[in-house]
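Let's take a walk through this one together, starting with a small detail and working out to the bigger picture. Have a look at the sequence and the fold first.

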Amino acid sequence: MLETVLLAGKVVFLIVLYLFIYRVVRSATRELRAAAPVADKRQWSAGAEMPAAGRPVAAGTGGGRPGGVWTLVVEKSPCLPPGTAFAFPVGTSALAGRSPEADIHLDDTFVSSKHALFETTADGLRLEDLRSTNGTQVNGVDIAGAVVLQAGDQVEVGDTVFRVEVR
Amino acid sequence: MSVRNRELVFLVPALVLTTVGFALVYTQKATVLTWTSLTYGGLFIVLFLIAHAGVRVLASRADPYLLPVTALLSTLGLVVLYRLDEDLALKQAMWLVVGLAAFLLVLVLVRDLEWLSKYRYVIGGLGVLLLLLTAVFGREIYGARLWVRLGPVSFQPGEFGKILLVVFFAAYLVDMREVLTVSTRRVLGVPLPPLRYLAPLLGIWALSMALMIFMKDLGTSLLFFGALLALLYVATGRFFYVLVGLVLFIVGAVGLYFLFPHVQTRVDIWLDPWADPSGRGYQIVQSLFALAEGGLFGRGLGRGYLILPSGSTIIPNLETDFIFSAIGEELGLAGAVGIILLYLIFVYRGCRVAVRSRDDFTRLLAVGLTSIFALQAFLIMGGVIKLIPLTGITLPFVSYGGSSIVANFALLGLLLRASDKAD
């Protein structure tokens, strides 16, 4: 009798221990799964259905749409020639980062591999910091999450400074 | 479910295990145990509920799993200690009271981590001072100089020193990371930073070597070196530092092996404990016997051959360094793997705090604290199962030992503060 009770006690002990572990691990995997779709959306691939975006264009040319096209112009950079322009026709987005796959490839140690995402929205050009190590600054102020840019804003990603223009 | 309610729910298994564990040990050994000793389990449950209430007030957004995992580890330790010696369990329960007080004190005092970063040099100096204190006033026990007697209380300053040094080093690296990341030249395709920036790495190496030479404390010296190397790697993202660190480690290890008979013995025992199974290899051999005896599911709490008729434990230092073997014998592979999984969960949550941190200091602090914790658990569990040479350190939260319990609760407090800031 006592033997059975002790055995049952041991089994209960181990089951409770593993049940705890299982519940914590399950909530962790849920958390990771919940985060995954966001990561997919952020991951920019050239084959996506969105129009090719953020490709450098000759300064001064643009979509010619009334109101103009949102454009990022390099003011100062350790890796891109000043004056390089990235145009954002409606419905486009571009990833800025150190990764060679990034649309705006910045070969700079202070830039994270996926550093920030620029995309056009109904309100204008939206900038989102993708939890980069050194952050993204707009007019010298660190942004938390996402902001909508205004023409004339200065965006800093690592040591590169962009000016926002409507062309 | 809110974060804190989740914490409360996850504390329930710890409370159940305490009850079941104490009941099992008591049933098994009713002839030698007293009724009052059952109250230690009750004391334990109340303690963690108080800690939970404290976190609700002081760090309401902190990670919900760290405290329950700690409670589970402490519970396993307490149950095994209760099984070994009821007086030891009472003392451990007292240390848990002090530890949880230290935990809440850290949460009260350190409302803002910036404050730690600001006083980095004071904190670093204090850390070094604690270690010096051990080197000068320490008493040698089991070949290592770890203990300092202060009036009636003996404690291990190294346990606290290591946390202070991690805080200091995290703050220091926040300033230094930019210069440490800059490369000026390449050698064989490896970008090299200016040599003088290797100074911090060489500094830690020198400190670890000094610890080893003056205190013969192999475990703490390995902990320092490993944790600070992890910090350096996370701060700079340069594998180069890890490489240099490993080279320095190998140079140091080989040098110490030939210089110190103490280290030589440890390595020889590790390579072949069966050469002298009743002498130098006794501890490890008995630990392996205990693990083998436990099998898959263990002999059951209170049923292992842990205590000699004379009242002393078969394995010397069973309640501190070798508590993992006791768990392996009584709860089997299932229990031992459970412990390892609990440590992994702790480390995973710690890394998650680091990833979610918004500023560099918080991130590095979380990485540093998690690394010393993980390394400590790995070094001692690896030691008792003969995976690596044995270094006499405690199994965090499980082993008997005041300094270790209090220091690890302080570490938990800092980690929860960092987590509260990150989320």
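Is A:Cys79 buried, partly exposed or exposed? With a relative accessibility of 27%, A:Cys79 counts as partly exposed, because buried would mean under 20% and exposed over 50%. Keep in mind that this is a predicted model. Over in chain B, B:Cys351 comes out at 41% relative accessibility, so that cysteine is put down as partly exposed too. As for disulfides, searching the whole structure turns up zero of them over all chains.

Now zoom out to chain A. Its secondary structure amounts to one helix and twelve strands, and if you read along from the N terminus, the helix leads and the strands follow. Of the 167 residues in chain A, 43% are buried. Among contacts in chain A with a separation of 6 or more, 45% link residues 24 or more positions apart. On the outside, chain A exposes about 8700 Å², with carbon and sulfur atoms supplying 58% of that.

Next, follow the strands. Five of them in chain A make an open sheet in the order β5-β4-β6-β7-β10, and the pairing is mixed. The edges belong to β5 (104–105) and β10 (146–148) of chain A; each has a single partner strand, so one side of each is left without a neighbour in the sheet. In general, strands of a sheet pair through backbone hydrogen bonds, either parallel or antiparallel.

For a closer look, pick β4 (residues 93–97) and β6 (residues 116–121) of chain A: these two run antiparallel and are joined by four bridges. In one such pairing, A:Leu95 has A:Leu117 of β6(A) as its bridge partner.

Methods. Residues are numbered from 1 along each chain as its sequence is written. Chains are lettered from A and ligands numbered from 1 in the order in which they are written. This is a predicted model: local features need pLDDT of at least 70, side-chain atom pairs count only at pLDDT 80 or more; totals for chains, interfaces and linings use all residues. Side-chain values use heavy atoms; hydrogens and water are left out. Two strands pair if DSSP finds at least two bridges between them. A disulfide is a pair of cysteine sulfur atoms within 2.5 Å. Buried means under 20% relative accessible area, exposed over 50%, partly exposed in between (1.4 Å probe, protein chains only). Contact means heavy atoms within 4.5 Å. Accessible areas come from the Shrake-Rupley method with a 1.4 Å probe; for residues, only the protein chains shown count as cover.
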